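Please examine the structure shown below together with its sequence. The report that follows describes selected helices and loop residues.

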Amino acid sequence: MATRRAALLGALALPLPALATATQDKVRLVVPFAAGGTNDEVMRVLAEAASRHLGRPIEVENLPGRHGVRAIAGLASAPPDGRLIAQLPVAALRMALLAQLPFEVPRDVTPILGVAGGAFGAIAAAGRFPGGWAGFLAEAREKPGTLSYGSAGLNSTGHLTMARLLLREGVRAVHVPFRGAALAVQALAAGDVEVTAGPIRIGALVEAGQAEWLHVWTATRLARWPAAPTLRELGYRLTVTAPFGIVAPPGLPAATGAALHDAFRAAMATEAFRAVLAEHDMTEDYRDGAAYGAFLAQQARAEEMLIGRLGLQP
């Protein structure tokens with residue numbers, strides 16, 4: 001185990017001195033996204049509520065990059081004393097597999113609980129495809145390899161979900177990765193791509209009247225955009241919400257894990273947390289530690305199969 005941890009840390013060359021200086025009465029919650037974003041806001045509301053139940057301050061520390069792999073790697077050598085925990089986006093599993101890092105779940109972390117999942121979907125310029133998704137597919141079949149779709153980056157959730165849909169339909173379109181969803185939306189507005197797929201915040205262009213939803217990837221229609229069909233309604237047995245949860249270093253004592261679980265579970269029931277989820281079109285995806293660990297292991301196997309099926313590269 002020590003060798004595995006050393007290999008993971010060495011592969012990422014992490015500068016984590018700040019994480020090692022936590023005082024005994026403080027918990028550091030690493031959020032692998034930039035400050036001010038949707039995930040950061042949600043986790044800060046959750047941490048504030050959880051700290052009241054835990055009786056200890058929970059301080060959010062942003063460590064963006066590598067889709068969460070950097071944050072999780074920081075747990076590998078941390079003492080399992082409950083002073084350091086991290087948000088785990090499911091994309092971290094995919095990125096670790098693509099980079100062939102010696103990271104496995106749940107062996108290399110202690111799952112605390114599953115929290116929520118964000119909404120995703122795909123948009124096109126208003127009026128571009130009168131038949132919606134069916135119209136896009138029809139044109140893609142007539143002009144194979146000429147239509148394009150943008151995403152928040154190579155191997156992102158938007159990229160992979162669109163690739164899965166196109167593979168099933170047997171049509172070809174060009175993927176154009178951008179450095180974030182905002183740039184992908186700008187490209188759609190400028191007419192540089194026909195479709196943009198990504199987190200639900202791309203819907204700002206729909207609200208501005210410049211775009212329309214081809215589909216959303218939640219289990220049911222979204223209250224904010226009731227006319228947008230789900231993938232299930234379009235005949236796909238697929239729901240994509242990019243779930244995330246909270247994990248701790250491996251070997252965390254059961255009592256410590258239980259205390260953290262109970263504090264965050266109580267925080268999830270607060271009005272403030274439910275309100276911030278609704279504001280960002282997120283859905284609760286609670287699982288206790290054991291169920292969350294089983295989910296992560298299953299998801300890692302599914303990601304491995306998807307990587308092979310789509311021929312993904314790092």
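The face of H9 turned away from its buried side carries Ala 254 and Ala 255, both exposed; here exposed means over 50% relative accessible area, buried means under 20%, and partly exposed lies in between, for a 1.4 Å probe and protein chains only. The buried residues of H9 are Gly 257, Leu 260, His 261, Ala 263, Phe 264, Ala 267 and Met 268. They lie on the same side of H9 because they cover an arc of only 165° around the axis, the arc being that of the directions from the helix axis to the C-beta atoms.

The model is predicted: local features need pLDDT of at least 70 and side-chain atom pairs count only at pLDDT 80 or more, while totals for chains, interfaces and linings use all residues. Residues are numbered from 1 along each chain as its sequence is written, and side-chain values use heavy atoms, with hydrogens and water left out. Helices (H or I, at least four residues) and strands (E, at least two) are DSSP runs, numbered from the N terminus.

Helix H5 (residues 133–142) has Trp 133, Phe 136, Leu 137, Glu 139 and Ala 140 as buried residues. They cover an arc of only 165° around the axis, which puts them on the same side of H5. Ala 134 and Glu 142 are exposed on the face of H5 turned away from its buried side. The cover over the buried residues of H5 includes H6, strand E8 (195–199) and strand E9 (211–216).

Thr 157 is found in helix H6 (residues 157–169). Leaving aside residues up to four places away in sequence, Thr 157 touches Arg 94, Phe 120, Trp 217, Val 240 and Ala 242, where contact means heavy atoms within 4.5 Å.

The axes of helix H2 (residues 38–54) and helix H10 (residues 271–279) come within 9 Å and cross at roughly 170°. H2 and H10 are therefore roughly antiparallel to each other, a term for angles over 145 degrees. Axes are lines fitted to C-alpha atoms, for helices over the stretch in contact, and angles run from 0 to 180 degrees between N-to-C directions.

Two loop residues other than glycine have a positive phi; Asn 155 is one and Asp 281 is another.

| Residue | Loop | Phi | Relative accessibility |
|---|---|---|---|
| Asn 155 | between strand E6 (148–151) and H6 | near 70° | 2%, buried |
| Asp 281 | between H10 and strand E11 (283–287) | near 55° | 10%, buried |

Methods:
Angles under 35 degrees count as roughly parallel, over 145 as roughly antiparallel, 65 to 115 as roughly perpendicular and the rest as oblique.
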